[in-house]
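This briefing walks through a protein model by topic, beginning with its interior space and moving on to individual residues. Please keep the sequence and the structure in view while reading.

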Amino acid sequence: AALFGVAPVAAPAVKEDEFQAKRGEALKRQETATGLTMQGQVGVLFTNPIFTSITWTLSVLFFVVTGVQYWATRFLVDEFGQEKESVLATFALVAATGPTAGVILGSVVVDCIGGYDSSVAQRRKALIFCQVFAVLATASGVVAGFLEPGLGLVYWIEVVSLWLLLFFGGAIVPAATGIMISSVPPELRTVASGIGQGLYNILGYSMGSLLPGIIMEGWGLINGMRVLFMWAVLGVLGLCG
């Protein structure tokens, strides 16, 4: 029955064949713009050393950050003997401020050194900046992973190490993302962005919570966290490539 005497208006249905036709037209336009099929575009991207190394490094970064945010609360409670309420409040502050402050600082520093896409020399300078911060993030993770659990000062050193890990990791993101996109031809940047996001989700966000959990089940919580922290070394190696 119509409400207040007004007949409901049916929403137009989107036909499957029309959708597929539009999708096919979009793919043809993309192929026309690049002169390559989708497989060819993917091949060009994965033979680009800067694209592959930066995409791998960012996947590693998101793996570590996701794992830390997912498992750190349990780690601090079980291994350091802290009250859960106190840990939740402390780590909420760490997780909220560390990456955010890092992203802000990374953006400012990259702007101060002249950006990343004006020349090859400028891109190299931005990559060195990313390498330095990746090493600092990894060093913070090593301290966090191999610090002997305890109360008092030891606990706060652990908290500061986690904050620094998230801070230095966040600082890498603005420059690394920009370098990754600017390293490919303009007509391939949409595809590059899509592939990058897909890999971040699979190798980073999803695996960052899953793989450490599997290791923890078999070899204990602290060993799972150590693998998680040491995973950052793979990101440093990716930037060296």
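What volume does the largest cavity have? In this predicted model, the largest cavity has a volume of about 130 Å³, and a search of the whole structure finds one cavity of 30 Å³ or more. The protein chain around it is built from nine helices and zero strands, and the points below take up the cavity, the nonpolar core and several residues in turn.

**Overall architecture**

- Read along the sequence, the protein chain follows the pattern α-α-α-α-α-α-α-α-α, in keeping with its count of nine helices and zero strands.
- The protein chain has 241 residues, of which 40% count as buried.
- When contacts in the protein chain with a separation of 6 or more are considered, 77% of them are accounted for by residues 24 or more positions apart.

**The largest cavity**

- Rolling a probe the size of a water molecule over the atoms shows where empty space is left.
- The volume of the largest cavity is about 130 Å³, and of the 14 residues that line this cavity, the closest to its centre are L61, A137, T138, I172 and A232.
- At least two residues of the lining come from each of α3 (49-80), α5 (120-146), α6 (153-182) and α9 (232-240), and the largest share, five residues, comes from α3.
- Sorted by class, the lining of the largest cavity consists of ten nonpolar and four polar residues, with no charged residues.

**The largest nonpolar core**

- The largest nonpolar core has 55 residues, and the members that touch the most other members are L45, V68, F75, L162, M225 and F229.
- Helices α3, α4 (84-112), α5, α6, α7 (189-219), α8 (221-230) and α9 each supply at least two residues of this core, with α3 giving the most, 15 residues.
- M225, named above among the core members that touch the most others, is in contact with W71, A72, F75 and M216 when residues up to four places away in sequence are not counted.

**Residues of helix α3**

- F51 is found in helix α3, and because its relative accessible area is 0%, under the 20% limit, F51 is buried.
- Not counting residues up to four places away in sequence, F51 touches L45, M180, S183, V184, A192 and I195, and among these partners L45 is also one of the core residues that touch the most other members.
- The C-alpha atoms of F51 and S182 are separated by 9.0 Å, although these two residues lie 131 residues apart along the chain.
- T57 also lies in helix α3, and T57 counts as buried because its relative accessibility of 5% is under 20%.
- The side chain of T57 reaches the backbone oxygen of G235 at 3.1 Å, and the residues that T57 touches, leaving out those up to four places away in sequence, are G235, G238 and L239.

**Residues of helices α5 and α6**

- Is L127, which is found in helix α5, buried or partly exposed? L127 is partly exposed, because its relative accessible area of 21% falls between the 20% and 50% limits.
- L127 touches I54, I179 and L239, again not counting residues up to four places away in sequence, and its C-alpha atom is separated by 8.0 Å from that of I179, which is 52 residues apart from L127 along the chain.
- V143 is likewise found in helix α5, and at 38% relative accessibility V143 counts as partly exposed, because this value also falls between 20% and 50%.
- V143 touches E158 and S161 when residues up to four places away in sequence are not counted, while V143 and V160, which are 17 residues apart in sequence, are 10.0 Å apart in space, C-alpha to C-alpha.
- S161 has its place in helix α6, and S161 counts as buried because its relative accessibility is 6%, under the 20% limit.
- Leaving aside neighbours within four places in sequence, S161 is in contact with S140, V143 and A144, so the contact between V143 and S161, which rests on heavy atoms within 4.5 Å, joins a residue of α5 to a residue of α6.

Key
Residues numbered from 1 in each chain as written. Predicted model: local features only at pLDDT ≥ 70, side-chain atom pairs only at ≥ 80, totals over all residues. Heavy atoms only, no water. 1 Å grid on protein atoms, 1.4 Å probe; cavity = no way out; pocket = protein on both sides within 12 Å on 5 of 7 lines; lining within 4 Å. Points joined across faces, edges and corners; volume = space filled by probe spheres on them. Helix = DSSP H or I, 4+ residues; strand = E, 2+ residues; numbered from the N terminus. Nonpolar A, V, L, I, M, F, W, Y, C, P; charged D, E, K, R; others polar. Buried < 20%, exposed > 50% of the residue type's maximum accessible area, 1.4 Å probe, protein only. Polar contact = N/O pair within 3.5 Å; in protein donor to acceptor, adjacent residues only side chain to side chain. Core = buried A, V, L, I, M, F, W, Y, C linked by side-chain atoms within 4.5 Å.
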